[in-house]
Amino acid sequence: MTRLVLSGNSAQSYAARLARVQVVAAYPITPQTSIVEKLADFVADGELPAQYVKVESEHSALQVCVSAAALGARTYTATSSQGLLLMHELLHWASGLRAPIVMGVVNRAVAPPWNIGADHTDTIAQRDTGWVQFYAESNQEVLDTVLQAYRLAEDLAVRLPVMVNEDAFYLSHTVEPVDVPDPATVDAFLPPRTPRAVLELGVGARVGSFTGPDHYVEFRRQVARGLESVLPTLTEIEVDYARRTGRDHGGPLPTYRVDDADAVLVTMGTMTTTARKVVDELRTQGRKVGLAKLRVFRPFPAEAVRALGATADRIGVVDRSYTFAGLGAAATEVRSALYGRTGAPTVASFLAGVGGRDVTPQIVHRMFDALLSEPGTGPAWMDLEAEREVTVRG
Amino acid sequence: MARLTIPAPELMHSGHAACPGCAPALAMRLLLKALGPSTIVSVPACCWTVIATPYPTTALGVPMLDNPIEATGASISGLRAAADALGLSDVRIVGFAGDGGTSDIGLQSLSGMLERRTDAIYVMYDNEAYMNTGVQRSGSSPKGAWTTTTPVGERSHGKAEPKKDILGIVLAHRPTYAATLNPSFPEDFVRKAERARDLRGPRFLHVFAPCPPGWKYSSEQTIAIGRLATDTGVFPLYEVEEGTCRITRTMNALKPVAEYLRAQGRFAHLNDTDIAEVQAEVQRSWDRLRALARSAERPWPPTLSPPTPA
């Protein structure tokens with residue numbers, strides 16, 4: 001193990017190198033660029049013997065990965081925001097072809113207006129594409145999750161693509177000490193890919209194909225089975241990873257001080273660190289509050305949410321995205337998971353941090369205050385600047 | 001007895017789902033004869049999506065990958081990258097796409113593949129419209145052609161715009177090899193496909209592909225119409241290798257273009273003036289091609305540095 005001071009983006013690059021990816025395809029977009037620049041350096045310096053395909057768009061970047069994976073290669077790409085939106089069609093191809101691609105996504109706001117700040121709208125808008133989605137809180141978690149993501153994606157029961165998401169700038173361009181495992185440790189944890197149902201030279205077989213309703217339903221059901229295998233498989237993977245590295249990120253919904261909590265806040269990504277500190281402050285004041293980090297959004301950990309709902313009376317869910325729906329996206333999922341349960345807690349929907357706005361301890365305090373007094377049905381915009389709301393008008 | 005220049009082994013099987021008289025079916029058959037069994041074909045949404053037959057069957061004796069309509073160039077870049085990464089050295093990577101999927105929606109990924117000098121063969125089979133969706137005009141439809149989106153009526157006289165010069169666009173990327181092929185001339189077709197097979201770097205084959213239902217002619221006429229296209233100068237046969245252009249079917253005089261146009265229902269509304277215009281345009285293109293083939297001039301703009309060797 002080596003301790004290095006790394007940005008979230010560098011953590012992505014180091015993890016891809018440790019995973020011995022064979023094909024990298026990339027198109028630059030802020031704030032993803034330093035991931036693919038670092039990988040270019042690794043390849044140029046002979047530290048990563050991969051084929052690096054410099055493509056002319058994100059759409060092509062993902063197509064390169066899909067086709068390379070269809071021949072059996074381990075592939076990596078990274079993108080953000082508009083680039084991910086352009087990939088949308090290929091996201092479906094990747095999951096439908098059971099291509100175990102791992103993609104780093106730097107969560108960034110979607111235009112217009114142009115904004116490069118942290119915002120989850122880009123990945124939340126891809127929630128129905130059959131990809132596994134992780135949201136990281138720290139650069140260490142980025143590196144560890146990318147390695148776990150390959151093991152998960154290539155597991156024969158799963159065989160689905162995985163995106164490892166990190167907040168723009170809060171992680172992508174902020175450095176912190178990261179424990180980088182030795183190559184031998186990673187090699188033992190992550191053996192070479194065992195390809196299944198890929199193109200084979202000399203074999204007249206079709207990967208993709210077309211079907212009518214006679215087979216299409218079963219193809220979709222197979223993808224669903226893969227997704228259903230994710231959470232049990234992740235548990236095994238994390239046990240093994242912890243055994244080798246000493247680090248365990250706590251599954252899809254790690255919790256903090258929830259045991260006797262009246263009110264629990266569910267967060268995603270970097271705002272979790274701020275919220276954890278606020279929980280400690282409120283606990284010192286004798287207020288019974290706790291925290292749950294939604295680390296995996298797809299497949300949605302409904303069982304873990306129900307376990308949480310069995311103890312907490314009130315749950316507040318913070319979404320760093322606005323999806324033009326009645327509630328925030330994660331709040332909708334949490335409420336749906338708890339629907340119809342006897343004694344199910346109240347679920348409040350909070351929106352905060354959209355477009356990179358800082359989620360301060362004061363804003364988290366406001367959420368807990370709302371939750372402990374009279375939570376509305378939401379969604380409540382927690383960080384609007386009242387004065388600006390008046391002046392930003394048509 | 002003449003020596004057979006077309007390899008006997010078949011890598012495309014009977015039972016495929018093409019229409020009678022389908023030139024794209026002939027094109028795949030001849031192409032695979034030339035390339036042999038160590039080939040992978042990537043196919044976007046196009047007629048060949050259907051021709052190859054549905055799951056769980058396939059009409060090909062080689063592996064085939066489906067890709068979305070605009071991404072064939074990227075798909076073959078990915079296949080080549082994986083082949084290199086996995087140490088598969090003796091493999092031909094082929095993209096096999098229609099004219100809409102190439103010269104319209106797929107132009108970006110084609111350009112990317114050519115520019116990054118992917119070691120692969122891109123085949124555009126040109127049936128001059130979106131045929132699989134029911135004969136809508138593409139950028140590769142010729143001027144005057146009836147299609148379902150360029151109907152003939154009081155205020156419409158077929159497609160108003162000329163055909164996009166895809167080979168000109170390709171040549172601007174300085175490919176290792178580019179050629180026009182026509183299944184009506186199978187020996188020339190196979191020779192060019194074999195030449196492409198033996199070279200490295202980006203190669204592009206523009207295949208003329210008559211379509212009986214889309215062009216409105218009887219299916220047994222495909223070969224004859226294909227021959228007329230070349231012999232009238234509408235689709236001349238030539239190849240460009242390392243910047244040298246060579247016409248592979250030389251003709252002292254072109255047949256009148258009316259013979260080609262009058263054989264197809266899609267041009268039935270053209271009057272003598274229209275046909276005279278087409279004739280003049282075809283003659284200009286043919287003269288320009290012959291001048292290019294005679295001169296030592298490279299068919300692409302000069303550069304400060306020579307093209308990167310493949």
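Two residues are in contact if their C-beta atoms, placed from the backbone, lie within 7 Å. By that criterion, 26 residues of domain 1 of chain A are in contact with 22 residues of domain 2 of chain A, in what is a predicted model.

**The two domains of chain A**

The domain assignment of chain A gives a domain 1 that is made of residues 2–193 + 207–245 and a domain 2 that covers residues 255–391. The centres of domain 1 of chain A and domain 2 of chain A, taken over C-alpha atoms, are separated by 27 Å. On the side of domain 1 of chain A that touches domain 2 of chain A, the elements giving two or more residues are α6 (121–124), β6 (132–135), α9 (213–228) and α10 (230–245) of chain A. Of these, β6(A) gives the most to that side, with four residues. By class, the side of domain 1 of chain A that touches domain 2 of chain A has 15 nonpolar, six polar and five charged residues.

**A residue of chain A**

A:Leu85 lies in helix α4 (residues 81–86) of chain A. With 17 other C-beta atoms within 10 Å, A:Leu85 is partly exposed, because that class lies between the exposed limit of 12 or fewer and the buried limit of 20 or more. Not counting residues up to four places away in sequence, A:Leu85 touches A:Val110, A:Asp122 and A:Ala125. A:Leu85 and A:Arg388, which are 303 residues apart in sequence, are 29 Å apart in space, C-alpha to C-alpha.

**Where chain A meets chain B**

The contact between the chains takes 38 residues from chain A and 37 residues from chain B. On the side of chain A that touches chain B, at least two residues each are supplied by β2 (23–26), β3 (51–54), α3 (58–70), α5 (88–96) and β9 (206–207) of chain A. The largest share of that side, nine residues, comes from α3(A). The two sides of chain A that are described here, one touching chain B and one lying between its domains, are set out by residue class below.

| Side | Nonpolar | Polar | Charged |
|---|---|---|---|
| Side of chain A that touches chain B | 19 residues | 14 residues | five residues |
| Side of domain 1 of chain A that touches domain 2 of chain A | 15 residues | six residues | five residues |

Strand pairing also links the two chains, since β9(A) and strand β2 (residues 64–66) of chain B pair in the parallel sense over two bridges. Within that pairing, the bridge partner of A:Val207 is B:Leu65 in β2(B).

**Chain B**

The secondary structure of chain B comes to 11 helices and 10 strands. The radius of gyration of chain B is 19 Å, close to the 19 Å that the globule rule gives for 310 residues, so chain B is as compact as a globular protein of that length. Along its principal axes, the C-alpha trace of chain B spans about 60 × 50 × 50 Å. Buried residues make up 52% of the 310 residues in chain B, and, among the contacts in chain B with a separation of 6 or more, 69% are between residues 24 or more positions apart.

Helix α3 (residues 72–85) of chain B has 14 residues that, at 1.5 Å a residue, should span 20 Å, which agrees with the 20 Å between its end C-alpha atoms. Since 13 of the 14 residues of α3(B) are buried, this helix is largely enclosed by the rest of the structure. Just after α3(B), B:Gly87 takes a positive phi of about 75 degrees.

Conventions
Residues are numbered from 1 along each chain as its sequence is written. Chains are lettered from A and ligands numbered from 1 in the order in which they are written. This is a predicted model: local features need pLDDT of at least 70, side-chain atom pairs count only at pLDDT 80 or more; totals for chains, interfaces and linings use all residues. The radius of gyration is taken over C-alpha atoms; the globule rule is 2.2 Å times the number of residues to the power 0.38. Ala, Val, Leu, Ile, Met, Phe, Trp, Tyr, Cys and Pro count as nonpolar, Asp, Glu, Lys and Arg as charged, and the others, Gly among them, as polar. Two strands pair if DSSP finds at least two bridges between them. The expected span of a helix is 1.5 Å times one less than its number of residues. Domain bounds come from an automatic or database domain assignment.
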